[in-house]
Amino acid sequence: MAGGQERVLRRRIKSVQSTKKITRAMELIAASRIVKAQQRVAAARPYSERITEVIRNLAKAGAGRGSPLLEAREEITTVCFVVIAADRGLAGGYNSSVIRLAERALLAERAQGRQTALITVGKKAHGYFRFRGYEIAESFSGFSDDPSYEDARAVASFVTEKFEAGEYDQVRIAYTRFLSLGTQRATDSTFLPLERLAEDEAPSDGPTADYEFEPSPDEILDRLLPRYAEARLYAAMLDAAASEHANRQRAMKSATDNADDLITRLSRVMNRARQDAITTEIMEIVGGAEALRQGAGNHEDLLVDVVGGAHDLFPETYDSHHPHHPRSDA
Amino acid sequence: MSLEVQVVSPERILWTGDAERVITRTAGGGGEIAFLTGHAPFVGALDIGVTRVLPAGGGEELAVAVHGGFVEVSGDQVSILSDVAELADDIDVSRAQAALDRLQGTTPTEDDAEEVELALRRAQARLDAAQRSS
């Protein structure tokens, strides 16, 4: 029935409209969160820049020989992957791209006969790998969209401890780099051992006088390297958070646009259905009126007469079988 | 001539400005060390304690409770890097006092003796910083 179709369409449009309201709200929230996340990335930069600078100075002074966090192991038997994804979905390809990148890298290491370990950050990463039966050494979650330094410290200290104990020979970190609002790229980079900062780098334009150290350079470095690791992980987590919001904003924007299209299309179909129904109704009314008008003008042509005619042809049959039939020619 | 001082935590810059003098305490029992303009390049690891910054052109001394960290001095720039640093104004004195009292009341077991000791020193540093600035 045409009216029924119209009602169904109206209901669909309504539901699409309310979905659109939700996606639109999420889009706006994500957009404001990106700004905040970017500010946090910027706010964290001075610390990591300074700490890198200090390490460079220490390296110039010859510190760090034999520091376990700096030395690359000769034989790598176990590679640990830290996968940083989000706690929530609805962020387009954000989670799946970083997770798949990590999985590929992990399988590549296995193909070379190495042991692998897995640490997940974010519920989505945890869910993905658990579902596929990977053994997860540790998982952290609950802060993916707004990580604090404490969160980074928890992850970093877990990893560095295992690394120093020799359980892992290399730690790699898979996260999404925030290149710009439009571009975020899933990357996989070595986290531990820490990159040895080039000692023979071109001297900075500042004074190159020798530094005084208190306590000794090696002692300072021992305290500094764990902090440096934390700062690097924190930077990665902030980048990942900014990327998450950017991806979510994009995903929600396209969902909102799509809802708009859908509403336009459905409205068009619904209007056509309504017009069809109206047209059909008019046709019926016109047809009915026409029939009535014709009937009023020419009584002999009406059904009653036909029946009457039939009675005339077979009077006995009608009399015996339909005794109550009104006689038209009475 | 004054020092350019930055007090930086991993999450943000806590304080930045010009100062006449910065006093802090380095780890390893070296005692307190003061930086004035023209100090030789210096890198140090900080103890738990109070770092004091005397702003240029007078004004109140700024006290920062620093729970470990590093100081770098080069060319009249002083950077205090600390993963946990609190400006005296941000310190909740009653909370720090409560923590101190609670910690002094406990007898540390062998396992957590180190932790309790550190927590004690942190609480003390907070109180010192708060008192110094008020």
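This is a guided tour of a predicted model, with a selection to make at each stop.

**Stop 1: where the chains meet**

Colour chains A and B separately, then select the residues that touch across the boundary. You should have 26 residues of chain A in contact with 24 residues of chain B. On the chain A side, the elements that supply two or more residues are helix 1 (2-60), strand 6 (212-214) and helix 5 (217-297). Helix 1 of chain A makes the largest contribution, with 10 residues. Colour the chain A side by class and you will find 17 nonpolar, 2 polar and 7 charged residues.

Now zoom in on strand 6 of chain A and select strand 4 of chain B (residues 42-55) along with it. These two strands pair in the parallel sense, over 3 bridges. To find one such bridge, pick Phe213(A), whose partner in strand 4 of chain B is Val43(B).

**Stop 2: chain B as a whole**

Hide chain A for a moment and look at chain B as a cartoon. Chain B contains 2 helices and 7 strands, and along the sequence the order is β-β-β-β-β-β-β-α-α. Its radius of gyration is 15 Å, close to the 14 Å that the globule rule gives for 134 residues, so chain B is as compact as a globular protein of that length. If you orient the view along the principal axes, the C-alpha trace spans about 50 × 30 × 25 Å.

Two more figures help to read this fold. Of the 134 residues in chain B, 38% are buried. Among the contacts in chain B with a separation of 6 or more, 55% are between residues 24 or more positions apart.

**Stop 3: strand 4 of chain B**

Stay with chain B and select strand 4 again. How many of the 14 residues of this strand are buried? The count is 11, so strand 4 of chain B is largely enclosed by the rest of the structure.

Next, add the strands of chain B that pair with strand 4. Strand 2 (residues 13-25) pairs with strand 4 in the antiparallel sense over 4 bridges; select Ala19(B) and you can trace its bridge to Pro55(B) in strand 4. Strand 5 (residues 62-74) also runs antiparallel to strand 4, joined to it by 11 bridges. Here Thr51(B) has Val64(B) of strand 5 as its bridge partner.

Follow the chain from strand 4 into strand 5 and you pass round a hairpin with 6 residues between the strands. Stop at Gly57(B) in the turn, where phi is positive, at about 70°.

Then go on past strand 5 to Asp76(B), in the loop that leads to strand 6 (77-81) of chain B. Asp76(B) is a residue other than glycine with a positive phi, near 65°. Asp76(B) counts as partly exposed, with 16 other C-beta atoms within 10 Å.

**Stop 4: helix 2 of chain A**

Bring chain A back and select residues 94-111, which form helix 2. At 1.5 Å a residue, these 18 residues should span 26 Å, and the end C-alpha atoms are indeed 26 Å apart. Show side chains for Tyr94(A), Asn95(A), Val98(A), Ile99(A), Ala102(A) and Leu106(A), the buried residues of this helix. They cover an arc of only 100° around the axis, which puts them on the same side of helix 2 of chain A. Turn to the other side and you meet Arg104(A), Leu107(A), Ala108(A) and Ala111(A), which are exposed.

Both approaches to this helix deserve a click. In the loop between strand 1 (78-84) and helix 2 of chain A sits Leu90(A), with a positive phi of about 55° although it is not a glycine. Leu90(A) is partly exposed, having 16 other C-beta atoms within 10 Å. Just after the helix, Gly113(A) takes a positive phi of about 85°.

**Stop 5: Ala30(A)**

Select Ala30(A), which lies in helix 1 of chain A. Is this residue buried or exposed? With 23 other C-beta atoms within 10 Å, Ala30(A) is buried. Leaving aside residues up to four places away in sequence, Ala30(A) touches His245(A), Arg248(A), Gln249(A) and Met252(A). The C-alpha atoms of Ala30(A) and His245(A) are separated by 5.1 Å, although the two are 215 residues apart along the chain.

**Stop 6: two cis peptide bonds**

Finish with the prolines of chain A on either side of strand 6. Pro193(A) is in the loop between strand 5 (184-192) and strand 6, and the bond from Leu192(A) to Pro193(A) is cis, with omega near -5°. Pro215(A) is in the loop between strand 6 and helix 5; the bond from Glu214(A) to Pro215(A) is cis too, with omega near -10°.

Key
Residues numbered from 1 in each chain as written. Chains lettered and ligands numbered in written order. Predicted model: local features only at pLDDT ≥ 70, side-chain atom pairs only at ≥ 80, totals over all residues. Contact = placed C-beta atoms within 7 Å. Nonpolar A, V, L, I, M, F, W, Y, C, P; charged D, E, K, R; others polar. Pairing = 2+ DSSP bridges. Rg over C-alpha atoms; globule rule 2.2 N^0.38 Å. Buried ≥ 20, exposed ≤ 12 C-beta atoms within 10 Å, placed from the backbone. Expected span 1.5 Å × (residues − 1). Arc of directions from axis to C-beta.
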